[in-house]
Amino acid sequence: MKREAGGALLLALLALVIGGALVSGGWLIGLHELRVAGTAAAPARALAAAEEGAWAQVQGWRSAGYARLPPGGEAAFAGQVAGPLGSFQGSVRRLSELLFLIESEGRDPDDRARQRIGLLVRLQPLDLFIKAALSASGSVRLAEGTRVSGLDEVPAWWDCPPPGGALPGIRLSERSALDLGGCREEGCVTGAPAVLVDSVGEAPGRIAGVEVATLRALADKVMGPGLWTVGPSQVGGRCRYGALSNWGDPDRPGGPCGNYFPLIFAPGGLRLHGGRGQGILVVHGDLAVSGGFRFFGPVLVLGQFDTTGEGGHFSGGVVAATVGVARSGLAGRPVVGYSSCAVRRAVVAQGVPEPVMERSWMRLYRTP
Amino acid sequence: MPTLFRPSSPADDEEGRNGVTLVELLVALVLSGIVAASVVGFVVASGRTYRRQTAAATVSATLRAATAMLPLDLAGLGAGDSLGSDIVAMRPSGVAFKATRAVSFMCGAPLVRGPRSGSLIVAGRPRYGLREPEPRRDSVFVYAVADPSDPDDDYWLRADLESVRPAGSCPDGSAGEVLEIASVRPPGGLIDVGAGAPVLSYEVVQITAYADRSGAWWLGVRLHGKSRGWGGIQPVIGPLRPRGLRFSYHDVSGSETTVPREVRRIVVVAAARPDGNPPPGLEDSVRIEIGLLNGRRP
């Protein structure tokens, strides 16, 4: 057997080791760069997810019912960014009657980064033209004992700012269209002035300065024909927003339905007997009220507005084509009163959320 | 043939080949020299590559830091505020701006002492920010609603923060803090402020390129104290190429502007270089476009 001495194998091994080390080093550097790049992109993806979460709340404002939150109240949300490109979770907090803070934390898909942002949102209230306790484009007929007041009143038990200036009691197009019946103007109608003759006519398809179609689109409840008795409804301490006859609870502002101000739309006529509610009532037809029904907020009637029987009570403002108020009982007197607070609560509840003027967007860091 | 070494085995002996020949040795030496030279060349080249890679990584890290930090600081500026832009000064070499440091919310109506002073009671929760409000450094923005039915009339009232002290409690019984404020602008604006209003405390900060004593260029930050003026500048990102930081300011149409209230986008070009005396070709730059997310609504 032939054997040869030498260092070729050793040298070859050494070269292999050095070559391997270099290749491994290059691979590791490449991997590191890839990881750094990935890590650098993760916060951007998390930020995008947080943004998406915040804006999703603005877009889904009505269906989420954020307007029903009381001041200080908070509602949580969570979701995924389509792709999936990340996820978000956060909360919507009501800061005041008009202001909300949306806090949204986004995560990248691999949960390597989290970013938290805040979006300050302000409600733009529905702009209803309520300029008197009772406005009518046609005739107004009152009965003895009726009270129409343009003085700003605060509903009992409500936490409202101090009353503001008075509005006219009745606002109508022609003085001759007003029939006070047995009611003396001085005693029955008050306001500043008690009666204002003004141009009250509306363009077709509009009421209180708003397209009826817009009000229809905003409706929380669409009432069918028939005689309705409405009132608050709750189950297990939670308000039943879906119940058609639940129009909020004006008697218990701190109760489960106390902050619920729905927009109720009746495409045909509507008859109400007794009960109570709050919000905005829009009737595309005639409204007939009896049995001491009480409502807090604007009432917009495109047809005839009639109250009969035991004093219906409307606190907010009524706008109708024609008005007939009759009294047949002794237990109460029909009242139509102006309340800026009731109107404001109702129109704010139907408000559209928008980022506040300047500085609406902010990064949120937990205070150390 | 002469041999240098003793026979390596009986078999070699038998064939008359004892050890290695001189030629073999020379060939081996030459080959070994070639391999050794290659290895040394490899090692030297590797070292050079490593140094270049390290320098390139430093440059990359510098640019990455600029890409991460600048949008963080600038994206939230309210440049278009009609009562005063958040951009205090803007130059090609840097920008001075009002940087939000804390966010809190009023838990009751303000106590109005006069048209230009009063007390804000802010809730303990929720609160956000990098640090607590500091009277020596901070001023405040407070959200004011002039007409509830018209969001366009809302504005951010501004005031100097004079002191901060714990409040006994907010109206709802929770713990809070009292911020004493003065120099309210516009005067009388506190009547438009109500419970729940956001309160942003801010300080004025400058981001700028500067050269240190050794001549190295950096992106530096300095803070503005209300009484002592500008503080010392601190290097934050670098080293940069000399004058390797350029800001440009653009309005809603994309044109460059010199009016702070018109700024809707800030473009920063940062050029980084490695430390020391690096070989040429290792400098790199990045262009960062920062859209201001808090521009006034159209």
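A:Gln115 sits in strand β4 of chain A, which covers residues 114–124. The model is predicted. A:Gln115 is buried, because its relative accessible area of 17% falls under the 20% cut-off. Its side chain makes a polar contact of 2.7 Å with the side chain of A:Arg363.

**Around A:Gln115**

- Leaving aside residues up to four places away in sequence, A:Gln115 touches A:Pro43, A:Ala46, A:Leu47 and A:Ala50.
- A:Ser104, A:Glu105 and A:Gly106 are also among the residues that A:Gln115 touches.
- A:Arg363 appears in that contact list too, and its side chain is the partner in the 2.7 Å polar contact.

**Chain A overall**

- Chain A holds 5 helices and 26 strands.
- The radius of gyration of chain A is 32 Å, whereas a compact globule of 368 residues would come near 21 Å.
- The C-alpha trace of chain A extends about 140 × 40 × 40 Å along its principal axes.
- Buried residues make up 49% of the 368 in chain A.
- Take the contacts in chain A with a separation of 6 or more: 54% of them come from residues 24 or more positions apart.
- The exposed area of chain A is about 16,200 Å², and carbon and sulfur atoms supply 57% of it.

**Helix α5 of chain A**

- Helix α5 of chain A runs over residues 340–349, and 7 of its 10 residues are buried, so the helix is largely enclosed by the rest of the structure.
- The buried residues of α5(A) include A:Cys341, A:Ala342 and A:Val343.
- A:Ala346, A:Val347, A:Val348 and A:Ala349 are buried in α5(A) as well.
- The cover over these buried residues includes β2 (86–94) and β20 (280–283) of chain A.
- β22 (294–307) and β23 (313–325) of chain A are also part of that cover.
- Strand β4 of chain A is another part of the cover, and A:Gln115 belongs to this strand.

**Nonpolar patch on chain B**

- A nonpolar surface patch is formed by B:Val23, B:Val27, B:Val30, B:Leu31 and B:Ile34.
- Together these residues have about 450 Å² of accessible area.
- One of them, B:Val27, lies in helix α2 of chain B, which spans residues 22–74.
- B:Val27 is partly exposed, with a relative accessibility of 43%.

**Backbone: cis peptide bonds**

- Most peptide bonds are trans, and most residues other than glycine have a negative phi.
- The bond from A:Ala192 to A:Pro193 is cis, with omega near -5°.
- A:Pro193 falls in the loop between β10 (189–190) and β11 (195–197) of chain A.
- In chain B, the peptide bond between B:Gly238 and B:Pro239 is cis, with omega about 0°.
- B:Pro239 is part of strand β12 of chain B, residues 234–250.

**Backbone: positive phi**

- A:Arg359 is a residue other than glycine with a positive phi, near 55°.
- A:Arg359 lies in the loop between β25 (352–355) and β26 (361–363) of chain A.
- With a relative accessible area of 3%, A:Arg359 is buried.
- B:Ser183 also has a positive phi, near 55°, and is not glycine.
- Strand β8 of chain B, residues 176–185, contains B:Ser183.
- B:Ser183 counts as partly exposed, at 26% relative accessibility.

How values were computed:
Residues numbered from 1 in each chain as written. Chains lettered and ligands numbered in written order. Predicted model: local features only at pLDDT ≥ 70, side-chain atom pairs only at ≥ 80, totals over all residues. Heavy atoms only, no water. Helix = DSSP H or I, 4+ residues; strand = E, 2+ residues; numbered from the N terminus. Buried < 20%, exposed > 50% of the residue type's maximum accessible area, 1.4 Å probe, protein only. Polar contact = N/O pair within 3.5 Å; in protein donor to acceptor, adjacent residues only side chain to side chain. Contact = heavy atoms within 4.5 Å. Patch = residues over 30% accessible without salt bridge, like charges linked within 9 Å, V, L, I, M, F, W, Y side chains within 5 Å. Areas by Shrake-Rupley, 256 points an atom, 1.4 Å probe, with all protein chains shown as cover. Salt bridge = Lys/Arg side-chain N within 4 Å of Asp/Glu carboxyl O. Rg over C-alpha atoms; globule rule 2.2 N^0.38 Å.
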